[in-house]
Amino acid sequence: MSEFTIIRLGHQGDGIAEGPVFAPMTLPGEVVSGTLDGNRLRDLRIVTPSGDRVAAPCRHYKSCGGCQLQHASDTFVADWKLGVVRQALAAQGLEAEFRPIVTSAPKTRRRASLSVKRTKKGAMAGFHARGSDVIIQIPDCQLLNPNLMAAIPVAEKLATIGGSRKGELSVLVTLSEVGLDIAVSGGKELDEPLRLALSAETETHKLARLAWDGEVIGQREPPVQRFGKALVAPPPGAFMQATPDGEAALLAAVREIVGNAAQVADLFAGCGTFALPLAERAEVHAVEGEAAMVAALDLGWRRAEGLKKVTHEARDLFRRPLMPDELRKFDAVVIDPPRAGAEAQVRELAGSEVPKIAFVSCNPVTFARDARILTEAGYDLQWVQVVDQFRWSAHVELVAYFTGKDV
Ligand SMILES: C[S@@+](CC[C@H](N)C(=O)[O-])C[C@H]1O[C@@H](n2cnc3c(N)ncnc32)[C@H](O)[C@@H]1O
(Lines give C-alpha, C1' and ligand atoms only; values in the text may rest on other atoms or scores of the structure.)
Protein backbone atom coordinates (compact mmCIF):
# COMPACT_ATOMS: atom_id res chain seq x y z
CA MET A 1 0.00 0.00 0.00
CA SER A 2 1.34 3.43 -0.92
CA GLU A 3 0.23 6.87 0.21
CA PHE A 4 -0.86 9.63 -2.14
CA THR A 5 -1.91 13.25 -1.66
CA ILE A 6 -4.95 14.35 -3.63
CA ILE A 7 -4.23 17.54 -5.54
CA ARG A 8 -7.53 18.27 -7.26
CA LEU A 9 -10.77 16.76 -8.55
CA GLY A 10 -11.04 15.70 -12.19
CA HIS A 11 -14.05 16.41 -14.38
CA GLN A 12 -15.70 13.14 -13.33
CA GLY A 13 -15.39 14.13 -9.66
CA ASP A 14 -12.56 11.66 -8.88
CA GLY A 15 -9.67 12.84 -6.73
CA ILE A 16 -6.40 13.08 -8.65
CA ALA A 17 -2.93 12.62 -7.14
CA GLU A 18 0.38 13.12 -8.90
CA GLY A 19 0.94 10.60 -11.69
CA PRO A 20 -1.93 11.08 -12.45
CA VAL A 21 -3.46 8.58 -10.04
CA PHE A 22 -7.26 8.57 -9.79
CA ALA A 23 -8.91 8.01 -6.41
CA PRO A 24 -12.73 8.08 -6.34
CA MET A 25 -14.53 9.58 -3.33
CA THR A 26 -11.53 11.62 -2.18
CA LEU A 27 -11.00 15.36 -1.82
CA PRO A 28 -8.16 17.81 -2.46
CA GLY A 29 -5.62 17.90 0.40
CA GLU A 30 -6.45 14.39 1.61
CA VAL A 31 -3.72 11.83 2.14
CA VAL A 32 -5.00 8.43 1.04
CA SER A 33 -3.52 4.95 0.83
CA GLY A 34 -4.44 2.13 -1.50
CA THR A 35 -3.30 -0.35 -4.12
CA LEU A 36 -2.56 0.87 -7.63
CA ASP A 37 -4.55 -0.84 -10.36
CA GLY A 38 -3.28 0.84 -13.54
CA ASN A 39 -3.76 4.51 -12.75
CA ARG A 40 -6.64 3.91 -10.30
CA LEU A 41 -6.36 3.42 -6.58
CA ARG A 42 -8.26 0.47 -5.09
CA ASP A 43 -8.87 -0.57 -1.46
CA LEU A 44 -8.80 3.08 -0.60
CA ARG A 45 -8.26 4.30 2.95
CA ILE A 46 -8.41 7.95 3.95
CA VAL A 47 -5.29 8.62 6.06
CA THR A 48 -5.86 12.36 6.56
CA PRO A 49 -9.41 13.54 5.81
CA SER A 50 -10.23 16.94 4.41
CA GLY A 51 -12.21 19.45 6.50
CA ASP A 52 -14.70 19.41 3.61
CA ARG A 53 -15.42 15.70 4.07
CA VAL A 54 -18.91 14.84 5.33
CA ALA A 55 -20.78 11.61 6.04
CA ALA A 56 -22.64 10.64 2.85
CA PRO A 57 -26.40 11.19 3.27
CA CYS A 58 -27.24 8.02 1.33
CA ARG A 59 -26.56 4.52 2.61
CA HIS A 60 -26.03 3.30 -0.98
CA TYR A 61 -23.27 5.81 -1.71
CA LYS A 62 -20.30 3.50 -1.12
CA SER A 63 -21.30 1.11 -3.86
CA CYS A 64 -23.75 3.03 -6.09
CA GLY A 65 -22.35 4.79 -9.16
CA GLY A 66 -25.26 7.25 -9.32
CA CYS A 67 -23.55 9.94 -7.21
CA GLN A 68 -19.93 11.05 -7.14
CA LEU A 69 -19.74 13.83 -4.54
CA GLN A 70 -21.80 12.89 -1.49
CA HIS A 71 -18.62 12.74 0.62
CA ALA A 72 -18.11 16.51 0.13
CA SER A 73 -19.86 19.38 1.91
CA ASP A 74 -22.42 21.41 -0.05
CA THR A 75 -20.10 24.43 0.15
CA PHE A 76 -17.22 22.45 -1.32
CA VAL A 77 -19.38 21.13 -4.20
CA ALA A 78 -20.76 24.61 -4.95
CA ASP A 79 -17.26 26.14 -5.02
CA TRP A 80 -15.93 23.27 -7.09
CA LYS A 81 -18.69 23.60 -9.70
CA LEU A 82 -18.19 27.36 -9.94
CA GLY A 83 -14.46 26.67 -10.26
CA VAL A 84 -15.02 24.23 -13.15
CA VAL A 85 -16.80 26.96 -15.13
CA ARG A 86 -14.29 29.65 -14.09
CA GLN A 87 -11.37 27.45 -15.25
CA ALA A 88 -13.04 26.57 -18.55
CA LEU A 89 -13.52 30.29 -19.23
CA ALA A 90 -9.96 31.10 -18.11
CA ALA A 91 -8.62 28.51 -20.58
CA GLN A 92 -10.23 30.65 -23.30
CA GLY A 93 -8.87 33.87 -21.79
CA LEU A 94 -12.28 34.87 -20.36
CA GLU A 95 -13.54 36.01 -16.96
CA ALA A 96 -17.08 36.46 -15.69
CA GLU A 97 -19.13 37.66 -12.77
CA PHE A 98 -20.72 34.64 -11.09
CA ARG A 99 -24.10 34.69 -9.42
CA PRO A 100 -24.62 32.42 -6.41
CA ILE A 101 -25.16 28.82 -7.48
CA VAL A 102 -28.69 27.36 -7.27
CA THR A 103 -28.69 23.71 -6.16
CA SER A 104 -31.65 21.35 -6.42
CA ALA A 105 -32.81 19.80 -3.14
CA PRO A 106 -32.42 16.06 -2.47
CA LYS A 107 -35.24 13.79 -3.68
CA THR A 108 -36.36 16.14 -6.44
CA ARG A 109 -35.06 14.35 -9.55
CA ARG A 110 -38.06 13.68 -11.76
CA ARG A 111 -36.33 11.43 -14.26
CA ALA A 112 -33.94 8.48 -13.96
CA SER A 113 -32.47 5.90 -16.26
CA LEU A 114 -32.71 2.60 -14.41
CA SER A 115 -30.69 -0.45 -15.37
CA VAL A 116 -32.70 -3.63 -15.02
CA LYS A 117 -31.85 -7.28 -15.49
CA ARG A 118 -33.62 -10.54 -15.05
CA THR A 119 -32.51 -12.72 -12.18
CA LYS A 120 -33.34 -16.28 -11.14
CA LYS A 121 -36.06 -14.97 -8.83
CA GLY A 122 -37.46 -12.28 -11.14
CA ALA A 123 -35.65 -9.05 -11.93
CA MET A 124 -33.59 -6.34 -10.30
CA ALA A 125 -33.67 -2.60 -11.06
CA GLY A 126 -31.25 0.04 -9.87
CA PHE A 127 -28.13 1.91 -10.88
CA HIS A 128 -24.77 0.51 -11.91
CA ALA A 129 -22.26 0.14 -9.12
CA ARG A 130 -19.35 2.56 -9.26
CA GLY A 131 -17.05 1.64 -12.15
CA SER A 132 -18.86 -1.63 -12.85
CA ASP A 133 -21.65 -3.31 -14.83
CA VAL A 134 -23.16 -4.79 -11.67
CA ILE A 135 -26.62 -3.41 -10.85
CA ILE A 136 -27.28 -2.44 -7.27
CA GLN A 137 -30.68 -1.76 -5.75
CA ILE A 138 -31.39 1.74 -4.45
CA PRO A 139 -34.47 1.61 -2.18
CA ASP A 140 -33.26 4.58 -0.11
CA CYS A 141 -31.97 6.73 -2.98
CA GLN A 142 -31.66 10.37 -1.87
CA LEU A 143 -31.76 11.77 -5.39
CA LEU A 144 -35.04 10.60 -6.86
CA ASN A 145 -38.44 12.11 -6.14
CA PRO A 146 -40.24 9.53 -3.92
CA ASN A 147 -43.01 9.27 -6.53
CA LEU A 148 -40.40 8.20 -9.06
CA MET A 149 -39.28 5.39 -6.74
CA ALA A 150 -42.64 3.74 -7.49
CA ALA A 151 -41.23 3.03 -10.96
CA ILE A 152 -38.65 0.57 -9.61
CA PRO A 153 -40.99 -2.42 -9.07
CA VAL A 154 -42.69 -1.57 -12.39
CA ALA A 155 -39.34 -1.66 -14.18
CA GLU A 156 -38.63 -5.04 -12.58
CA LYS A 157 -41.98 -6.39 -13.72
CA LEU A 158 -41.35 -5.16 -17.27
CA ALA A 159 -37.98 -6.93 -17.28
CA THR A 160 -39.52 -10.24 -16.19
CA ILE A 161 -41.90 -9.95 -19.14
CA GLY A 162 -39.70 -8.48 -21.84
CA GLY A 163 -36.09 -8.68 -20.72
CA SER A 164 -33.76 -11.24 -22.24
CA ARG A 165 -31.84 -13.60 -19.96
CA LYS A 166 -28.45 -12.12 -20.79
CA GLY A 167 -29.02 -8.50 -21.67
CA GLU A 168 -29.88 -5.54 -19.54
CA LEU A 169 -32.88 -3.27 -19.99
CA SER A 170 -32.54 0.46 -19.88
CA VAL A 171 -35.72 1.91 -18.37
CA LEU A 172 -36.11 5.66 -18.56
CA VAL A 173 -38.70 6.72 -15.99
CA THR A 174 -40.14 10.24 -15.88
CA LEU A 175 -42.74 11.83 -13.63
CA SER A 176 -45.41 13.55 -15.68
CA GLU A 177 -48.36 15.62 -14.45
CA VAL A 178 -50.56 12.51 -14.79
CA GLY A 179 -48.31 9.66 -13.63
CA LEU A 180 -45.30 7.66 -14.70
CA ASP A 181 -44.01 7.94 -18.25
CA ILE A 182 -41.76 4.95 -19.04
CA ALA A 183 -39.56 4.36 -22.08
CA VAL A 184 -37.75 1.01 -22.32
CA SER A 185 -34.90 0.03 -24.59
CA GLY A 186 -32.73 -3.06 -24.90
CA GLY A 187 -35.51 -5.60 -24.34
CA LYS A 188 -36.90 -8.45 -26.45
CA GLU A 189 -38.14 -7.64 -29.90
CA LEU A 190 -41.82 -6.74 -29.92
CA ASP A 191 -44.34 -9.29 -31.14
CA GLU A 192 -48.09 -9.50 -30.54
CA PRO A 193 -47.97 -11.56 -27.29
CA LEU A 194 -45.33 -9.20 -25.85
CA ARG A 195 -47.34 -6.14 -26.92
CA LEU A 196 -50.43 -7.53 -25.19
CA ALA A 197 -48.55 -8.40 -22.00
CA LEU A 198 -46.90 -4.98 -21.82
CA SER A 199 -50.15 -3.21 -22.59
CA ALA A 200 -51.76 -5.02 -19.64
CA GLU A 201 -48.96 -3.72 -17.39
CA THR A 202 -49.77 -0.16 -18.47
CA GLU A 203 -53.23 -0.68 -16.97
CA THR A 204 -52.15 -2.65 -13.92
CA HIS A 205 -49.67 0.01 -12.83
CA LYS A 206 -51.79 2.91 -14.09
CA LEU A 207 -48.90 4.21 -16.18
CA ALA A 208 -49.47 7.39 -18.13
CA ARG A 209 -47.51 5.88 -21.02
CA LEU A 210 -45.31 2.90 -21.78
CA ALA A 211 -42.98 2.92 -24.81
CA TRP A 212 -40.82 -0.01 -25.92
CA ASP A 213 -37.90 0.73 -28.24
CA GLY A 214 -39.64 3.95 -29.32
CA GLU A 215 -43.06 2.37 -29.96
CA VAL A 216 -45.89 3.50 -27.71
CA ILE A 217 -47.42 0.30 -26.29
CA GLY A 218 -49.95 1.86 -24.01
CA GLN A 219 -51.08 5.34 -23.12
CA ARG A 220 -53.77 5.89 -20.50
CA GLU A 221 -53.34 9.67 -20.70
CA PRO A 222 -50.89 11.94 -22.55
CA PRO A 223 -47.88 12.19 -20.16
CA VAL A 224 -47.90 15.96 -20.06
CA GLN A 225 -45.31 18.29 -18.60
CA ARG A 226 -46.20 21.86 -17.66
CA PHE A 227 -44.21 24.60 -19.39
CA GLY A 228 -45.72 27.85 -18.11
CA LYS A 229 -49.36 27.95 -19.26
CA ALA A 230 -48.89 25.06 -21.69
CA LEU A 231 -49.15 21.31 -21.17
CA VAL A 232 -46.88 19.36 -23.49
CA ALA A 233 -46.66 15.60 -24.01
CA PRO A 234 -43.04 14.99 -25.09
CA PRO A 235 -42.28 12.05 -27.38
CA PRO A 236 -40.91 8.99 -25.53
CA GLY A 237 -37.37 9.59 -24.23
CA ALA A 238 -37.29 13.26 -25.27
CA PHE A 239 -34.95 15.60 -23.41
CA MET A 240 -36.22 17.34 -20.33
CA GLN A 241 -34.61 19.23 -17.45
CA ALA A 242 -33.77 16.97 -14.50
CA THR A 243 -35.56 18.72 -11.62
CA PRO A 244 -38.48 21.16 -11.48
CA ASP A 245 -36.55 23.68 -9.38
CA GLY A 246 -33.48 23.38 -11.65
CA GLU A 247 -35.72 24.12 -14.61
CA ALA A 248 -37.29 27.03 -12.73
CA ALA A 249 -33.84 28.49 -11.97
CA LEU A 250 -32.75 28.19 -15.62
CA LEU A 251 -36.03 29.74 -16.77
CA ALA A 252 -35.81 32.60 -14.25
CA ALA A 253 -32.34 33.51 -15.54
CA VAL A 254 -33.47 33.21 -19.18
CA ARG A 255 -36.56 35.37 -18.50
CA GLU A 256 -34.41 38.03 -16.83
CA ILE A 257 -32.09 38.16 -19.85
CA VAL A 258 -34.90 38.22 -22.40
CA GLY A 259 -36.67 40.98 -20.42
CA ASN A 260 -39.23 42.77 -22.53
CA ALA A 261 -37.90 41.58 -25.90
CA ALA A 262 -40.81 41.36 -28.32
CA GLN A 263 -39.32 38.84 -30.75
CA VAL A 264 -37.37 35.91 -29.35
CA ALA A 265 -35.68 32.92 -31.00
CA ASP A 266 -35.31 29.76 -28.90
CA LEU A 267 -32.62 27.59 -30.50
CA PHE A 268 -32.32 23.90 -29.52
CA ALA A 269 -35.80 24.44 -28.09
CA GLY A 270 -36.66 20.85 -27.17
CA CYS A 271 -40.38 20.58 -26.37
CA GLY A 272 -40.66 24.23 -25.37
CA THR A 273 -39.23 24.43 -21.83
CA PHE A 274 -38.27 28.07 -22.47
CA ALA A 275 -40.22 28.94 -25.64
CA LEU A 276 -43.68 28.36 -24.14
CA PRO A 277 -43.22 30.33 -20.89
CA LEU A 278 -41.51 33.11 -22.86
CA ALA A 279 -44.55 33.24 -25.18
CA GLU A 280 -46.51 34.75 -22.29
CA ARG A 281 -44.76 38.05 -23.14
CA ALA A 282 -43.07 37.69 -26.53
CA GLU A 283 -43.54 36.14 -29.93
CA VAL A 284 -41.21 33.17 -30.09
CA HIS A 285 -39.62 31.23 -32.94
CA ALA A 286 -38.59 27.78 -31.67
CA VAL A 287 -36.00 25.74 -33.57
CA GLU A 288 -35.23 22.14 -32.68
CA GLY A 289 -33.65 19.20 -34.53
CA GLU A 290 -36.21 16.53 -33.56
CA ALA A 291 -39.44 16.89 -35.55
CA ALA A 292 -41.44 14.94 -32.94
CA MET A 293 -40.39 17.39 -30.22
CA VAL A 294 -41.38 20.35 -32.40
CA ALA A 295 -44.78 18.73 -33.01
CA ALA A 296 -45.29 18.26 -29.24
CA LEU A 297 -44.34 21.89 -28.61
CA ASP A 298 -46.76 23.06 -31.31
CA LEU A 299 -49.67 21.02 -29.91
CA GLY A 300 -48.97 22.33 -26.40
CA TRP A 301 -49.01 25.90 -27.71
CA ARG A 302 -52.23 25.39 -29.71
CA ARG A 303 -54.05 24.02 -26.67
CA ALA A 304 -52.82 26.70 -24.25
CA GLU A 305 -54.65 29.95 -23.67
CA GLY A 306 -53.19 33.42 -23.41
CA LEU A 307 -49.91 32.84 -25.26
CA LYS A 308 -48.49 35.00 -28.01
CA LYS A 309 -47.59 33.54 -31.37
CA VAL A 310 -45.10 30.65 -31.43
CA THR A 311 -43.67 29.64 -34.79
CA HIS A 312 -41.30 26.72 -35.15
CA GLU A 313 -39.12 24.68 -37.43
CA ALA A 314 -37.41 21.31 -37.23
CA ARG A 315 -33.89 22.11 -38.33
CA ASP A 316 -30.41 20.72 -37.81
CA LEU A 317 -28.61 23.70 -36.29
CA PHE A 318 -25.20 22.04 -36.61
CA ARG A 319 -25.53 21.83 -40.39
CA ARG A 320 -28.00 24.64 -41.05
CA PRO A 321 -27.63 27.29 -38.38
CA LEU A 322 -29.84 30.41 -38.51
CA MET A 323 -27.96 32.96 -40.57
CA PRO A 324 -27.47 36.64 -39.63
CA ASP A 325 -30.25 37.79 -41.98
CA GLU A 326 -32.65 35.30 -40.31
CA LEU A 327 -31.50 36.45 -36.87
CA ARG A 328 -32.02 40.15 -37.66
CA LYS A 329 -35.64 40.27 -36.50
CA PHE A 330 -34.96 38.96 -32.98
CA ASP A 331 -34.50 41.16 -29.91
CA ALA A 332 -33.16 38.21 -27.94
CA VAL A 333 -31.95 34.68 -28.63
CA VAL A 334 -32.04 31.75 -26.21
CA ILE A 335 -29.62 28.97 -27.12
CA ASP A 336 -29.45 25.66 -25.21
CA PRO A 337 -27.36 23.18 -27.21
CA PRO A 338 -26.42 19.59 -26.32
CA ARG A 339 -23.01 18.81 -24.76
CA ALA A 340 -21.20 19.34 -28.07
CA GLY A 341 -22.09 23.03 -27.89
CA ALA A 342 -23.21 25.07 -30.87
CA GLU A 343 -20.11 26.23 -32.68
CA ALA A 344 -21.71 26.62 -36.12
CA GLN A 345 -24.74 28.52 -34.76
CA VAL A 346 -22.60 30.66 -32.48
CA ARG A 347 -20.41 31.72 -35.42
CA GLU A 348 -23.55 33.04 -37.14
CA LEU A 349 -24.73 34.73 -33.93
CA ALA A 350 -21.30 36.32 -33.68
CA GLY A 351 -21.87 37.91 -37.08
CA SER A 352 -25.38 39.06 -36.18
CA GLU A 353 -26.87 42.14 -34.55
CA VAL A 354 -28.87 40.24 -31.91
CA PRO A 355 -28.70 42.48 -28.82
CA LYS A 356 -29.15 39.85 -26.07
CA ILE A 357 -28.23 36.18 -25.86
CA ALA A 358 -29.25 33.78 -23.07
CA PHE A 359 -26.80 30.88 -23.38
CA VAL A 360 -27.81 27.74 -21.48
CA SER A 361 -25.18 25.04 -21.33
CA CYS A 362 -24.56 21.62 -19.77
CA ASN A 363 -20.88 21.56 -20.75
CA PRO A 364 -18.55 24.29 -19.46
CA VAL A 365 -15.79 23.39 -21.94
CA THR A 366 -17.85 23.77 -25.11
CA PHE A 367 -19.63 26.75 -23.55
CA ALA A 368 -16.31 28.51 -22.98
CA ARG A 369 -15.20 27.75 -26.55
CA ASP A 370 -18.46 29.23 -27.89
CA ALA A 371 -18.30 32.17 -25.45
CA ARG A 372 -14.92 33.10 -26.86
CA ILE A 373 -16.33 33.20 -30.39
CA LEU A 374 -19.00 35.63 -29.19
CA THR A 375 -16.68 37.85 -27.16
CA GLU A 376 -14.12 38.02 -29.98
CA ALA A 377 -16.94 39.30 -32.18
CA GLY A 378 -17.73 42.09 -29.69
CA TYR A 379 -20.30 40.50 -27.36
CA ASP A 380 -19.87 41.10 -23.62
CA LEU A 381 -20.30 38.32 -21.09
CA GLN A 382 -22.32 40.01 -18.34
CA TRP A 383 -22.74 37.20 -15.83
CA VAL A 384 -22.92 33.46 -15.36
CA GLN A 385 -25.51 31.65 -13.25
CA VAL A 386 -24.51 28.08 -12.38
CA VAL A 387 -27.45 25.76 -11.72
CA ASP A 388 -26.80 22.42 -10.04
CA GLN A 389 -29.74 20.20 -10.83
CA PHE A 390 -27.52 17.11 -10.87
CA ARG A 391 -26.82 17.30 -7.17
CA TRP A 392 -23.87 15.16 -5.93
CA SER A 393 -22.73 14.49 -9.50
CA ALA A 394 -19.93 16.09 -11.48
CA HIS A 395 -22.36 17.64 -13.99
CA VAL A 396 -22.40 21.41 -14.26
CA GLU A 397 -25.11 23.52 -15.91
CA LEU A 398 -25.27 27.25 -16.42
CA VAL A 399 -26.99 30.21 -17.97
CA ALA A 400 -24.84 33.05 -19.30
CA TYR A 401 -25.90 36.51 -20.39
CA PHE A 402 -24.25 38.09 -23.43
CA THR A 403 -25.01 41.59 -24.64
CA GLY A 404 -24.34 42.74 -28.18
CA LYS A 405 -22.23 45.54 -29.47
CA ASP A 406 -24.84 48.30 -29.11
CA VAL A 407 -26.38 47.36 -25.76
C1 LIG B 1 -29.96 20.50 -23.81
S2 LIG B 1 -31.37 20.09 -24.76
C3 LIG B 1 -32.33 21.53 -24.50
C4 LIG B 1 -33.76 21.43 -24.87
C5 LIG B 1 -34.66 22.56 -24.31
N6 LIG B 1 -34.07 23.86 -24.47
C7 LIG B 1 -35.03 22.29 -22.88
O8 LIG B 1 -34.54 23.00 -21.99
O9 LIG B 1 -35.82 21.37 -22.62
C10 LIG B 1 -30.72 20.24 -26.37
C11 LIG B 1 -31.73 20.06 -27.48
O12 LIG B 1 -31.04 20.19 -28.71
C13 LIG B 1 -31.57 19.28 -29.66
N14 LIG B 1 -30.54 19.06 -30.68
C15 LIG B 1 -29.46 18.25 -30.61
N16 LIG B 1 -28.73 18.36 -31.73
C17 LIG B 1 -29.36 19.27 -32.52
C18 LIG B 1 -29.09 19.82 -33.80
N19 LIG B 1 -28.01 19.44 -34.50
N20 LIG B 1 -29.93 20.74 -34.32
C21 LIG B 1 -31.03 21.14 -33.62
N22 LIG B 1 -31.33 20.64 -32.39
C23 LIG B 1 -30.51 19.72 -31.85
C24 LIG B 1 -31.94 18.07 -28.83
O25 LIG B 1 -32.94 17.29 -29.46
C26 LIG B 1 -32.43 18.71 -27.52
O27 LIG B 1 -33.80 18.92 -27.56
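Reader: In which strand is Asp388 found?
Author: The model is predicted. In it, the strand that spans residues 380-388 takes in Asp388. That strand is S21.

Reader: Is Asp388 buried or exposed?
Author: The relative accessible area of Asp388 is 3%. Buried means under 20%. Asp388 is therefore classed by that cut-off as buried.

Reader: Which backbone nitrogen does the side chain of Asp388 reach, and at what distance?
Author: A polar contact needs a pair of N or O atoms within 3.5 Å. The side chain of Asp388 meets the backbone nitrogen of Phe390, and the distance is 3.4 Å.

Reader: Which residues does Asp388 touch, not counting those up to four places away in sequence?
Author: Phe390 drops out of this list, as residues up to four places away in sequence are not counted. What is left includes Val77 and Lys81. The others touched by Asp388 are Ile101, Val102, Thr103, Ser104 and His395.

Reader: Turning to the ligand, which of the 18 residues around it come nearest?
Author: There are 18 residues around the ligand. The ones that come nearest are Gln241, Thr273, Glu288, Asp316 and Leu317.

Reader: At what distance does a polar side-chain atom of Asp336 lie from a nitrogen atom of the ligand?
Author: Polar atoms of the protein face both oxygen and nitrogen here. For Thr273, a polar side-chain atom is 2.6 Å from a ligand oxygen. For Arg315, a polar backbone atom is 3.5 Å from a ligand nitrogen. For Asp336, a polar side-chain atom lies from a nitrogen atom of the ligand at 2.9 Å.

Reader: How much of the area that the ligand exposes when taken alone does the protein bury?
Author: Taken alone, the ligand exposes 600 Å². The share of this that the protein buries is 88%.

Reader: How many residues of each class does the shell around the ligand have?
Author: The shell is mixed in class. Its charged residues number five and its polar residues four. Its nonpolar residues number nine.

Reader: How does the radius of gyration of the chain stand against the globule rule?
Author: The chain has 10 helices and 22 strands. For 407 residues the globule rule gives 22 Å, and the chain is close to that, so it is as compact as a globular protein of that length. Its radius of gyration is 23 Å.

Reader: What percentage of contacts between residues at least 6 apart in sequence join residues at least 24 apart?
Author: Of the 407 residues in the chain, 54% are buried. Among the chain's contacts between residues at least 6 apart in sequence, the share joining residues at least 24 apart is 63%.

Notes
Residues are numbered from 1 along each chain as its sequence is written. This is a predicted model: local features need pLDDT of at least 70, side-chain atom pairs count only at pLDDT 80 or more; totals for chains, interfaces and linings use all residues. Side-chain values use heavy atoms; hydrogens and water are left out. Helices (H or I, at least four residues) and strands (E, at least two) are DSSP runs, numbered from the N terminus. Buried means under 20% relative accessible area, exposed over 50%, partly exposed in between (1.4 Å probe, protein chains only). A polar contact is a pair of N or O atoms within 3.5 Å; within protein, one must be able to donate a hydrogen and the other to accept it, and residues adjacent in sequence count only if both atoms are side-chain atoms. Contact means heavy atoms within 4.5 Å. A residue is near a molecule or strand if one of its heavy atoms lies within 4 Å of it. Accessible areas come from the Shrake-Rupley method with a 1.4 Å probe; for residues, only the protein chains shown count as cover. Ala, Val, Leu, Ile, Met, Phe, Trp, Tyr, Cys and Pro count as nonpolar, Asp, Glu, Lys and Arg as charged, and the others, Gly among them, as polar. The radius of gyration is taken over C-alpha atoms; the globule rule is 2.2 Å times the number of residues to the power 0.38.
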